[in-house]
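Reader: I am new to this structure and would like a close look at one part of it. Please start from a single buried position and work outward from there.

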Amino acid sequence: LLQQTNQTLLELKNSTAQAIQTLSAITEKHDPYAAGHSRKTAELAAALGRQLDLSTEQIDLLCTAAALHDVGKIAIPGELLSKPALLSPIEHDLVKLHVSEGVEILRAAGLPKALVTAVLQHHERIDGSGYPLGLKDAQISLEAKILAVADSMEAMLSHRPYRVAMTVEAALNDLNALKGSQYDPAIVDACVIVFQQQGFTFSAV
């Protein structure tokens, strides 16, 4: 019976992993300019988690949240995601809906609450200027704070339809400028260490 139970749990874990990969792939296919974004965000989030001495379980959860943080974009018109210009305020508000749309998808899939919370809060900022809830520092989960830095850093280092990719130095300067206001200081410091001292680079796959 124990062997059968273990086999069932293994099959469930494999099924969940496959579902996560599928959702991530669908998201990136819908938003071609973000190809690889979720994977690279997960790589950086894991590096930040290790630098911050998170447990293996926390890092696993963080990586999964990073892989799925933009899943709600499948509900956003593709022409907005690939628009070769800055979005209008109304268009930007529409894109912001990807957070709530993604949370609905993840809740329906029965994924862990902590994972859903990280995705829900990854655009929150510690000064309350983020969305969708305008949460402040202590109200935001650690995983969401890490994901916010990893997501922003990866985005700055990647080409977008409306701008060229930034250098690592320029991106870190931007992060540091918002340290303590939008981003958690300890996580920004960890990001600087990961890139400047550890020589972090994204995998080429």
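**From one buried residue outward**

Author: Leu48 counts as buried, because its relative accessibility is 0% and the cut-off for buried is under 20%. This is a predicted model, and what follows describes that model. Leu48 is found in helix α2, which covers residues 37–51. Which residues does Leu48 touch, not counting residues up to four places away in sequence? They are Ile146, Val149, Ala150, Ile187, Ala190, Cys191 and Val194. Three of these, Ile146, Val149 and Ala150, have numbers that fall within α8, residues 142–156. For Cys191 there is also a distance: Leu48 and Cys191 are 143 residues apart in sequence, and their C-alpha atoms are 6.3 Å apart in space.

A pairing of this kind can be set beside a figure for the whole chain. Among contacts between residues at least 6 apart in sequence, 62% join residues at least 24 apart. The chain has 205 residues, and buried residues make up 45% of them. There are 10 helices and 0 strands, so from the N terminus on each element in the order is an α.

Helix α2 has a further buried partner in the next helix. Ala66 has its place in helix α3, residues 56–68. Ala66 is buried, since its relative accessible area is 0%. Leaving aside neighbours within four places in sequence, Ala66 is in contact with Ser38, Thr41, Ala42, Ala45 and Leu147. Ala66 can also be placed relative to α7: its C-alpha atom is separated by 9.2 Å from that of Leu115, 49 residues away along the chain.

Between α2 and α3 there is a loop, and Asp53 lies in it. Asp53 is exposed, because its relative accessible area is 68% and exposed means over 50%. Asp53 is not a glycine, yet it has a positive phi of about 60 degrees.

On the other side of α2 in sequence is α1, residues 2–30, where Ala25 is found. Is Ala25 buried, exposed or partly exposed? Ala25 counts as partly exposed, because its relative accessibility is 46%. Ala25 and Ser38 are 13 residues apart in sequence, with 9.2 Å between their C-alpha atoms. Ser38 is also one of the residues that Ala66 contacts.

Leu115 leads on to helix α7, residues 113–121, in which Leu115, Val116, Ala118, Val119, Leu120 and Gln121 are buried. The buried residues of α7 pack against α3, α6 and α8. With α6, residues 98–108, the packing angle is about 170 degrees and the axes are 9 Å apart. The two helices are therefore roughly antiparallel to each other. Where they meet, α6 brings Val99, Val103, Leu106 and Arg107, and α7 brings Leu115, Val116, Val119 and Leu120. By class, this contact has 7 nonpolar, no polar and 1 charged residues.

After α7 comes the loop to α8, which holds Pro132. The peptide bond from Tyr131 to Pro132 is cis, with omega near 10 degrees.

Helix α8 also takes part in the empty space of the model. The largest pocket holds about 930 Å³ of space. Of the 33 residues that line this pocket, the closest to its centre are Lys73, His92, His123, Ala155 and Tyr162. Helices α4 (78–81), α5 (89–96) and α8 each supply at least two residues of the lining, and the largest share, 4 residues, comes from α8. By class, the lining divides into 15 nonpolar, 8 polar and 10 charged residues.

A search of the whole structure also finds 2 cavities of 30 Å³ or more. The second largest cavity has a volume of about 40 Å³. Its lining includes Val149, one of the residues that Leu48 touches. The other residues of that lining are Glu124, Ile126, Ile140, Lys145, Ala148, Gln182, Tyr183 and Asp184. The lining of this cavity divides into 5 nonpolar, 1 polar and 3 charged residues.

Conventions
Residues are numbered from 1 along each chain as its sequence is written. This is a predicted model: local features need pLDDT of at least 70, side-chain atom pairs count only at pLDDT 80 or more; totals for chains, interfaces and linings use all residues. Side-chain values use heavy atoms; hydrogens and water are left out. Buried means under 20% relative accessible area, exposed over 50%, partly exposed in between (1.4 Å probe, protein chains only). Contact means heavy atoms within 4.5 Å. On a 1 Å grid over the protein atoms alone, a cavity is a set of points where a 1.4 Å probe fits but cannot get out, and a pocket is an open set with protein on both sides within 12 Å along at least five of seven lines; lining residues have an atom within 4 Å of a point. Grid points are joined across faces, edges and corners, and a volume is the space filled by probe spheres set on the points. Ala, Val, Leu, Ile, Met, Phe, Trp, Tyr, Cys and Pro count as nonpolar, Asp, Glu, Lys and Arg as charged, and the others, Gly among them, as polar. Axes are lines fitted to C-alpha atoms, for helices over the stretch in contact, and angles run from 0 to 180 degrees between N-to-C directions. Angles under 35 degrees count as roughly parallel, over 145 as roughly antiparallel, 65 to 115 as roughly perpendicular and the rest as oblique.
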